[in-house]
Amino acid sequence: FEFLLQMVNAPKYREVDPSPLLALFFPFFFGLMVGDIAYGAIILVFALIIKKKYKMELWLQHLMNILIISSIPTIFFGFLFGEFFGNFGEMMGWIHPMTIAGVTWNRVEAIVPMLILAIGIGVFHIFLGLSLGILNAITKKSKKHVMEKAGMIIVITGLILVIGGAAKIVPDILLQIGVVLVVIAVPLIIYGGGFFGVFEIISTVGNILSYARIMAIGMASVILALVANKLGGMTDVAVLGIFIAALLHILNLVLAMFSPFLHSFRLHVVEFNSKFFEGGGKIYKPFRREKEDETVK
């Protein structure tokens, strides 16, 4: 996962390195988007084959390692959503969506719970990034940045309470508390980032809403799988039906390897890292004799 991060920017010496967090959240996001047992198993086998075949290609080894790790949560969420080539496993009676917290996690039907889950993940992830921003600011002894990041956490918390109160999801008293938090937070943000810091509130809200792509991309994947099964089943000739379904599933599988990969990475680089990560560091290169260096090459 350091390989991915270094493609964009290396961390500075004294700032928090996002690589361990990327290694933790990237497979989780990827698995949540793909969420199919069969797709996860195929991605795992594909990555192992490519990894074994191209042992000398270091960049390919790194990418395949990431796919291998990401295939595990993909299979896990496949069990949760009851998906095996879309609804094929459910049609055959092999597997069914699990019911957790009173919600049956069939992604076609549980659109609103999936959206709430995605936004909830976004709130947690952005808050974590802002907290790391406070940690970096303390390390640099930047009081203004500490105030700005803390103010942003407070204002987002306040806005969530205000929205929840307006929608009658939480008690009215929490709506009032939310208003107070917003009033307290805005001066902190202006102190830390100037008046333009207020516009950062809108940007941060947009960052959180961007996590809705976790639900949207997963929904697109499962719908395409359902279409593949439906078209395959409508054909009178069994061989032709299998061919059509297989073709669409292969297309969906290719998209499942690229689209969730790119969007998981984007959520980290654009939404998450922007809250604390500056980059611009230099990759550590240990001293070595030129002769040894040439031998390695």
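## A tour of the pockets, a cavity and the salt bridges

Start with the largest pocket: 14 residues line it, and Ile119, Val123, Leu159, Ile160 and Ile163 are the ones nearest its centre. Select those five and centre the view on them. Keep in mind as you go that this is a predicted model.

Now colour the elements around that spot. Helix 6 (111-139), helix 7 (143-166) and helix 9 (197-209) are the elements that give two or more residues to the lining of the largest pocket. Which helix gives the most? Helix 7 does, with five residues. Switch to colouring by residue class and the lining comes up as 13 nonpolar residues, one polar and no charged. The volume of this largest pocket is about 470 Å³.

Next stop, the second largest pocket, with a volume of about 310 Å³. Select His145, Lys149, Ser274, Lys275 and Phe276, which are the closest to its centre among the 19 residues that line it. Leave the helix colours on: helix 6, helix 7 and helix 9 each supply at least two residues here too. The class colouring is worth another look, since this lining has six nonpolar, seven polar and six charged residues.

From pockets, move on to enclosed space. How many cavities of 30 Å³ or more does a search of the whole structure find? It finds one, and the volume of this largest cavity is about 50 Å³. To see its walls, select Leu5, Pro18, Ser19, Leu22, Phe265, His268, Val269, Phe272 and Asn273. Helix 2 (19-34) and helix 11 (238-272) are the elements that give two or more residues to this lining, and helix 11 has the largest share, with four residues. By class, the cavity lining has six nonpolar residues, three polar and no charged.

While helix 11 is on screen, show it alone as a ribbon. Its 35 residues, at 1.5 Å each, should span 51 Å, and its end C-alpha atoms are 48 Å apart, which agrees. Then zoom in on Ala256, where helix 11 has a kink of about 25°. The proline Pro260 follows shortly after the kink, so show its side chain as well.

Last come the salt bridges, and a search of the whole structure finds five. Pick Lys12 and Glu278, whose side chains meet at 3.2 Å, N to O. Lys12 sits in the loop between helix 1 (2-8) and helix 2, while Glu278 sits in the loop between helix 11 and helix 12 (290-296), so this pair ties together parts that are 266 residues apart in sequence. Add Lys140 to the selection to see a network of salt bridges linking Lys12, Lys140 and Glu278. Turn on the surface: Lys12 is partly exposed at 37% relative accessibility, and Glu278 is partly exposed at 45%.

Now go to Glu83 and Arg107, a salt bridge whose closest N and O atoms are 2.8 Å apart. The pair ties together parts that are 24 residues apart in sequence, because Glu83 is in the loop between helix 4 (58-81) and helix 5 (88-91) and Arg107 is in the loop between strand 2 (103-104) and helix 6. Are these two buried or exposed? Both Glu83 and Arg107 are buried.

Finish at Glu271 and Arg266, where the closest N and O atoms of the salt bridge are 2.9 Å apart. Glu271 is buried, at 2% relative accessibility, whereas Arg266 is partly exposed, at 33%.

Definitions and conventions: Residues numbered from 1 in each chain as written. Predicted model: local features only at pLDDT ≥ 70, side-chain atom pairs only at ≥ 80, totals over all residues. Heavy atoms only, no water. 1 Å grid on protein atoms, 1.4 Å probe; cavity = no way out; pocket = protein on both sides within 12 Å on 5 of 7 lines; lining within 4 Å. Points joined across faces, edges and corners; volume = space filled by probe spheres on them. Nonpolar A, V, L, I, M, F, W, Y, C, P; charged D, E, K, R; others polar. Expected span 1.5 Å × (residues − 1). Bend = angle between axes of the 7 residues up to and from the residue. Salt bridge = Lys/Arg side-chain N within 4 Å of Asp/Glu carboxyl O. Buried < 20%, exposed > 50% of the residue type's maximum accessible area, 1.4 Å probe, protein only.
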